[in-house]
Amino acid sequence: MAKGIKSIKQQQVIGTSVYLIVDQWHDGTTELDKSKKLTWLCFSQDKKKQLDTRQLESKDSYVIKIPPKLAGSYRYYVEASFSGKKDPLKDTGLYVYGTTTKKVVTSKWCAKPDGEDLRKSQFSYGHLIYLGLETEGMNGDQVTVEVYRRVPGGGGSKDDQYMTAFTHVQVIDGEVNLKMGNTYQWYGKIKKPNPTEEFYVKVKDASGKYISDGKDRLHARYLRIKNNIVSRNSEPPTNHTPTKVDKPEISFKRHEPCRYDKVIIGDKDSNKKPFDIVVYDPLQKKNITTYETLAKHEAGTTIDLTFEKITHKGCFTQPNHKKEIEIYINGQKQKTQVVSGDKYTLPIQARANTYLLRTNPGLFFVTPDAANTYRIVTKTCAQPNNPLTINVYPNIEREVTFVLTLFPSFGAEVNQKFSTREKLTDYNKKQSMQLIRNETEILYNAKGGLGFGLQAKVKVDNVESSIELAHTRNQIKKLIGFYHTVNEVLSVFDGRGKESTSLAYDRKVLPKVTFDIEPPNVALALRITNKKVERTLQVVPQFTGALALKPITKIKIGVDLLSLLQYMGVGGKIASWIKDTLEAKYKFTIYIIFEVSLEARAELSLTYNKVEGFAPGPRKLQIEAGVGIKGGVKSTEFVTIVVPEADGSPQKVKVEKWKGEASGASSMLYTYEVNADSKGQYSKHKLEFTGVKATIVVYSIKNGMKYNESFKKDFTIIEKPDKAWYESEKEYTV
């Protein structure tokens with residue numbers, strides 16, 4: 001049994017546009033076959049030259065727009081096929097032609113085919129002359145061209161002299177380029193030629209009707225021939241219009257009366273940046289079936305579905321379709337909704353397993369997020385049961401951070417005067433460590449100079465929940481305990497505190513000097529978020545990682561200036577006597593320390609998702625050379641207070657009854673940064689003077705034996721300059 005297209009038909013004609021659709025199918029054609037795409041073919045009238053080939057849906061209309069110039073008796077052959085080729089055995093197509101009012105649009109006289117208009121020039125009898133016409137509504141027709149001589153002083157065109165006629169002139173692609181080789185014969189028909197004669201033409205169709213230009217039936221006014229003979233030869237007339245077969249304008253259109261032309265999703269909540277995205281448009285050959293977005297765990301989020309140019313004027317099916325959509329959530333039908341106007345606002349809601357978050361937050365942290373799947377089914381003749389799936393993911397952020405703090409692993413002091421070692425850099429250490437504490441709280445601090453912080457948290461719709469990681473924390477705690485044990489064993493080999501054996505101490509020739517090397521403080525963070533990639537269809541996990549080494553290392557050398565008084569002659573002896581007398585009488589000690597330091601620190605961040613790939617964040621290396629001076633007084637009377645350890649256990653600590661310190665510092669900071677902007681990735685160098693700042697701090701014991709900072713004030717002695725001393729241009733990498 002034969003299958004395929006039996007015939008096509010002319011659906012309608014709108015202006016110069018002819019709409020063609022499939023009329024009949026062979027009996028062996030299944031419904032599945034009928035839903036497949038068809039190939040439409042357009043040929044010249046003789047079916048030899050192929051002018052157009054295009055694939056369309058079986059319900060699309062093939063549209064030929066025949067402009068007025070190509071309208072007329074010329075016919076284009078159109079056929080539709082499954083194979084993509086013309087049926088070799090029989091014609092299953094149609095001849096198509098356009099109709100419009102017949103008209104001569106332009107006319108001219110030329111010295112060669114389709115040449116420039118020479119009506120203002122003068123020819124001679126015997127010259128070859130070409131008539132050029134552009135027409136409408138006469139393509140493929142045969143016309144008669146009549147030549148007339150204008151008679152001066154007569155009663156108008158009715159008195160003008162008929163000269164000759166050219167019959168069976170073919171209009172090709174709406175044009176005529178007729179060679180007239182008999183102008184010498186015209187001379188013989190004029191009784192008394194004037195110095196210059198004027199000629200024009202009339203055009204008559206096959207029915208004998210003269211064709212106008214919309215106002216007049218006289219065309220090509222005027223051909224001017226002077227009273228001069230250049231040749232007595234005569235040539236037969238010839239039409240010199242090239243047979244190129246102009247191609248009509250061809251397109252297609254949905255012809256079903258029950259349809260919509262486009263579906264647009266308006267998403268306004270995913271990234272807090274509203275935008276529209278077209279998911280269905282047959283003209284753009286766009287048919288997206290799945291869209292992904294983000295929404296709240298609770299109700300309140302919506303997206304808009306716009307069915308552009310939705311039409312329900314009749315159906316091919318019974319009963320007729322209605323202007324409605326069916327909504328399914330996770331495979332279960334929820335309702336049938338009538339679309340009012342062209343837009344429907346769809347409430348959407350994500351699902352986050354908050355029960356698991358409450359009962360087993362650690363497991364929730366590593367469990368992928370499931371989507372709520374909304375399936376929207378529209379029913380029209382053009383899009384029968386055409387589904388659109390919208391996957392809705394929750395707004396969830398997962399984050400884990402880890403900080404490892406290491407106190408000085410090496411410190412040495414040569415103290416000429418004092419037999420007990422003093423730590424002179426505690427205040428600076430507290431300041432630098434505070435930066436780390438602000439990023440991630442140190443949850444556990446073990447003796448021996450090692451501490452760590454470990455946190456994990458989850459945000460669902462900006463509601464944050466901390467996750468207990470007791471097992472992991474206990475393992476790290478054991479590791480720190482092991483470090484402390486090793487440190488205690490190694491401490492028996494440490495020469496610090498044994499200054500009496502130092503040759504420099506014995507000879508009393510060196511001032512008090514401190515030397516410290518600080519190892520890295522390491523901070524790591526990993527954040528996982530659901531991200532709606534802007535103006536795309538997808539929601540993807542985005543990973544953001546960060547690493548900070550603050551410092552990579554730091555070297556600091558301090559010199560006690562008061563220990564240099566012995567080298568300052570009589571003035572130094574007087575100052576030393578005043579210092580010793582005050583310290584003995586008022587039970588405090590005075591110190592003034594000059595410090596130089598060199599610190600290197602670095603930070604790195606990186607972002608990745610599978611759609612956008614890697615997006616490098618800032619990578620920065622800084623080297624800072626600093627100088628500072630600080631002085632202070634400390635009570636030589638001590639009190640014992642109780643402070644809690646990080647694990648909650650109490651500990652007795654012996655501290656000064658009061659102390660105060662003033663410090664001033666300045667530095668030069670060099671920064672090497674790798675970053676990116678709209679032009680690409682770049683590197684940059686900068687050298688800055690950080691200004692001069694000072695601080696005064698006073699501590700005292702009061703309010704129930706609590707150690708308080710009773711006074712603190714910061715000063716800016718020299719402001720940091722607005723501009724760096726040196727800053728390079730951005731150096732972009734290829």
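**Figure 1. Overview of the protein chain in the predicted model.** Of the 734 residues in the protein chain, 40% are buried. The secondary structure of this chain consists of 8 helices and 46 strands. Among contacts in the protein chain with a separation of 6 or more, 69% are made by residues 24 or more positions apart. The chain has an accessible surface of about 40,400 Å², and carbon and sulfur atoms contribute 53% of that area.

**Figure 2. Close-up of an open sheet with mixed pairing.** The sheet is formed by 5 strands, arranged in the order β9-β15-β14-β11-β12. Strands β9 (123-125) and β12 (161-170) stand at the edges; each has a single partner strand, and therefore one side of each is left without a neighbour in the sheet. From one strand to the next, the twist averages 35°. In general, the strands of a sheet pair through backbone hydrogen bonds, in either a parallel or an antiparallel manner.

**Figure 3. Close-up of the pairing between β9 and β15.** The edge strand β9 is joined to β15 (residues 219-229) by 3 bridges, and the two strands run parallel. Within this pair, F123 stands opposite I225 of β15.

**Figure 4. Close-up of the hairpin formed by β25 and β26.** Strand β25 (residues 324-329) and strand β26 (residues 332-338) run antiparallel and are joined by 6 bridges. One residue pairing in this ladder links I327 to its bridge partner K335 in β26. The hairpin has 2 residues between its strands. In the turn, N330 adopts a positive phi of about 50°.

**Figure 5. Close-up of the largest cavity and its lining.** The structure holds 3 cavities of 30 Å³ or more, and the volume of the largest cavity is about 100 Å³. Its lining comprises 13 residues, among which Y260, V263, N386, P387 and L388 lie nearest the centre of the cavity. Strands β20 (275-281), β23 (301-308), β28 (372-378) and β29 (386-394) each supply at least two residues of this lining. The largest share, 3 residues, comes from β29.

Terms used
Residues are numbered from 1 along each chain as its sequence is written. This is a predicted model: local features need pLDDT of at least 70, side-chain atom pairs count only at pLDDT 80 or more; totals for chains, interfaces and linings use all residues. Side-chain values use heavy atoms; hydrogens and water are left out. Two strands pair if DSSP finds at least two bridges between them. Helices (H or I, at least four residues) and strands (E, at least two) are DSSP runs, numbered from the N terminus. Axes are lines fitted to C-alpha atoms, for helices over the stretch in contact, and angles run from 0 to 180 degrees between N-to-C directions. Buried means under 20% relative accessible area, exposed over 50%, partly exposed in between (1.4 Å probe, protein chains only). Contact means heavy atoms within 4.5 Å. Accessible areas come from the Shrake-Rupley method with a 1.4 Å probe; for residues, only the protein chains shown count as cover. On a 1 Å grid over the protein atoms alone, a cavity is a set of points where a 1.4 Å probe fits but cannot get out, and a pocket is an open set with protein on both sides within 12 Å along at least five of seven lines; lining residues have an atom within 4 Å of a point. Grid points are joined across faces, edges and corners, and a volume is the space filled by probe spheres set on the points.
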